[in-house]
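Student: I'd like a close look at one part of this model, taken slowly. Could you walk me through it in one go?

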Amino acid sequence: MTEAKHTRVARRGRIFPEIQWTEEQFAQWKAKQDEFYQRCKPIFDLVRPELIKTHYNWYMAVEPESGEYFVALDEMTAIKMSSQKHPKCPVFIFKINETGVAGTI
């Protein structure tokens, strides 16, 4: 018996090529994201010194409209806690450490 050879075709390009953002659309999206971050950051900075002592490397979901925040050991739990109380509101996730960065680059 002969073995069948598997040949994989490398697919290059966009997943949805019909969706193309202009530079203006991307700049608007980026400005909106930055504005949302600027509303959430003061809330995080206010409570970070206390939380860093007791919840180091935990996650914090900040809902800027109400000023409420939710702390949990993992980010999905923090998001779920926030969405239970504020179902339609977006949140920003911070990691409770010196930088507040909740991801990898």
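Is Phe 36 buried or exposed? Please start there and work outwards through the parts around that ring.

Tutor: Sure, and keep in mind that this is a predicted model. Phe 36 counts as buried, because its relative accessibility is 12% and the cut-off for buried is under 20%. Its ring pairs with that of Phe 92: the centres are 6.4 Å apart and the planes make 50°, so the pair is classed as tilted. Phe 36 sits in helix H1, which covers residues 23-54, while Phe 92 belongs to strand E3, residues 92-95. The two are 56 residues apart in sequence, so this pair ties together distant parts of the chain. Phe 92 itself comes out as partly exposed, at 23% relative accessibility.

That pair is part of a bigger group. Phe 36 and Phe 92 join Tyr 37, Phe 44 and Phe 94 in one aromatic cluster. Over the whole structure, the search turns up seven aromatic pairs.

Now for the sheet that E3 belongs to. Three strands make an open, antiparallel sheet, in the order E2-E1-E3. E2 (68-72) and E3 are the edge strands, each with a single partner, so each has one side without a neighbour in the sheet. From one strand to the next the twist averages 25°. E1, residues 59-63, pairs with E2 over five bridges, again antiparallel. One of the residues involved is Glu 63, whose bridge partner in E2 is Glu 68.

Back to the helix: H1 lies across E1, E2 and E3, and runs at about 35° to E3. A second helix, H2 (residues 75-85), also packs on the sheet and touches E1, E2 and E3; its direction makes about 145° with that of E2.

Phe 36 is also one of the eleven residues in the largest nonpolar core. Other members include Cys 40, Ile 43, Phe 44, Val 47 and Leu 51, along with Met 60, Val 62, Val 71, Phe 94 and Ile 96. H1 and E1 are the elements that give two or more residues to this core, and H1 gives the most, with six. Apart from this core lies another one of five residues, among them Tyr 59, Ala 61, Ala 72 and Ala 78.

Val 62 is a handy place to see how the pieces meet. Leaving out neighbours within four places in sequence, Val 62 is in contact with Cys 40 and Ile 43, with Glu 68 and Tyr 69, and with Pro 90, Val 91, Phe 92 and Phe 94.

Cys 40 deserves a word of its own. At 0% relative accessibility, Cys 40 counts as buried. The closest cysteine sulfur is in Cys 89, 11 Å away, which is too far for a bond. Cys 89 is partly exposed, at 32%, and is in no disulfide either. The search of the whole structure finds zero disulfides.

One last stop is the loop between H1 and E1, where Asn 57 lies. Its phi is near 70°, a positive value in a residue other than glycine. Most residues other than glycine have a negative phi. Asn 57 is partly exposed, with a relative accessible area of 35%.

Terms used:
Residues are numbered from 1 along each chain as its sequence is written. This is a predicted model: local features need pLDDT of at least 70, side-chain atom pairs count only at pLDDT 80 or more; totals for chains, interfaces and linings use all residues. Side-chain values use heavy atoms; hydrogens and water are left out. Rings of Phe, Tyr and Trp (its six-membered ring) pair if their centres lie within 6.5 Å; planes under 30 degrees apart count as stacked, over 60 as edge-to-face and the rest as tilted. Helices (H or I, at least four residues) and strands (E, at least two) are DSSP runs, numbered from the N terminus. Buried means under 20% relative accessible area, exposed over 50%, partly exposed in between (1.4 Å probe, protein chains only). Two strands pair if DSSP finds at least two bridges between them. Axes are lines fitted to C-alpha atoms, for helices over the stretch in contact, and angles run from 0 to 180 degrees between N-to-C directions. Contact means heavy atoms within 4.5 Å. A nonpolar core is a set of buried Ala, Val, Leu, Ile, Met, Phe, Trp, Tyr and Cys residues joined through side-chain atoms within 4.5 Å. A disulfide is a pair of cysteine sulfur atoms within 2.5 Å.
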